[in-house]
Amino acid sequence: THFGFQNVPESMKEALVKQVFANVATKYDIMNDVMSGGVHRLWKDHFMRTLAPTPGTKLLDVAGGTGDIAMRFLDYCKETHGDNTAQVTVFDINPNMLEVGKERFTKTPYHNTSQVSFMEGNAENLEHIPDNSMDAYTIAFGIRNCTHVDRVLKEAYRVLKPGGRFMCLEFSKVENPVISKVYDVFSFDVIPTMGQIVANDRDSYQYLVESIRKFPPQKEFAKMIKDAGFTVMGQGYEDLTFGVAAIHSGFKL
Ligand code: SAM
């Protein structure tokens, strides 16, 4: 491929992913809006309403990047319950993304409170996070970047308290053949070209498209979640926008 990503050995994926997000960190938020026409905001809002955190919830937001999910989480708790005891840890492998996130939080009431903290590390190894310590675990548009998804799920299971919930928002597979065709053209041609124009970085956005295509379809991913020990309700996922994205969820019971 253009980016050569398909031929990269597994051992190099982590370094490559780090490079991609180091490249895009400062442009990340604006690019999300440009590429998705703002739809990622609706998906994330829906994701938070589905999680529906209760007062005092302790959330680990893995691959939290610039803190989009963390911000929504704290806003939800404040607006819905008047709660300021909920806590979120934004966890990410990339210090550049975390820096952008920290900067964003300085302009909010959560700055310098115990409601938000940042931690650098790999989703495959949450070594500094104790067993059974979190009420909820979220990962939004992050898991497809991880080399060993099974290890990510195993760690999610370990750190959740019994009764805790795992929730993943990720690009997924469009089943409808007509919409799928349109989406293919959009993703293969339009996204890398927009990456070139807006961020002057075609390769990182080419990687984005390839990583979406390589990620397992909804049912297969739901099975991986069950295999990690989670209990899922129904089929274990909900399609968003014809399956362009999906929310997968499971409980540690
Ligand atoms: N969750 C945020 C959002 O929805 O806007 C950020 C998503 S961004 C597309 C993906 C993030 O995953 C990047 O910040 C990247 O650094 C992080 N990431 C990639 N591989 C990771 C890993 N193995 N462990 C932790 N974070 C990782």
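Which backbone atom lies 2.9 Å from a nitrogen atom of the ligand? The close-ups of this predicted model begin with that contact.

**View 1. A123 meets the ligand through its backbone.** A backbone N or O atom of A123 lies 2.9 Å from a ligand nitrogen atom. The protein covers 98% of the 600 Å² of accessible area that the ligand has on its own. A123 is also among the closest residues of the ligand's surroundings.

**View 2. Two side chains make polar contacts with the ligand.** The side chain of K44 places an N or O atom 2.9 Å from an oxygen atom of the ligand. N122 uses a polar side-chain atom, which lies 2.9 Å from a nitrogen atom of the ligand. K44 is listed with the closest residues too.

**View 3. The ligand sits in the largest cavity.** In total, 19 residues surround the ligand. The closest are K44, A63, D92, A123 and A140. By class, the shell holds 10 nonpolar residues, six polar and three charged.

**View 4. C77 is buried and has no partner for a disulfide.** A disulfide is a covalent bond between the sulfur atoms of two cysteines. Why does C77 not form one? The closest cysteine sulfur, in C168, is 20 Å from that of C77, too far for a bond. The cut-off for a disulfide is 2.5 Å between the sulfur atoms. C77 has a relative accessible area of 0%, so this residue counts as buried.

**View 5. C146 is buried and in no disulfide.** For C146, the nearest cysteine sulfur is that of C168, 9.5 Å away. The relative accessible area of C146 is 12%, so C146 counts as buried. How many disulfides does the model have by this rule? The count comes to zero.

Notes
Residues are numbered from 1 along each chain as its sequence is written. This is a predicted model: local features need pLDDT of at least 70, side-chain atom pairs count only at pLDDT 80 or more; totals for chains, interfaces and linings use all residues. Side-chain values use heavy atoms; hydrogens and water are left out. A residue is near a molecule or strand if one of its heavy atoms lies within 4 Å of it. A polar contact is a pair of N or O atoms within 3.5 Å; within protein, one must be able to donate a hydrogen and the other to accept it, and residues adjacent in sequence count only if both atoms are side-chain atoms. Accessible areas come from the Shrake-Rupley method with a 1.4 Å probe; for residues, only the protein chains shown count as cover. On a 1 Å grid over the protein atoms alone, a cavity is a set of points where a 1.4 Å probe fits but cannot get out, and a pocket is an open set with protein on both sides within 12 Å along at least five of seven lines; lining residues have an atom within 4 Å of a point. A molecule sits in a cavity or pocket if more than half of its atoms lie within 2 Å of its grid points. Ala, Val, Leu, Ile, Met, Phe, Trp, Tyr, Cys and Pro count as nonpolar, Asp, Glu, Lys and Arg as charged, and the others, Gly among them, as polar. Buried means under 20% relative accessible area, exposed over 50%, partly exposed in between (1.4 Å probe, protein chains only).
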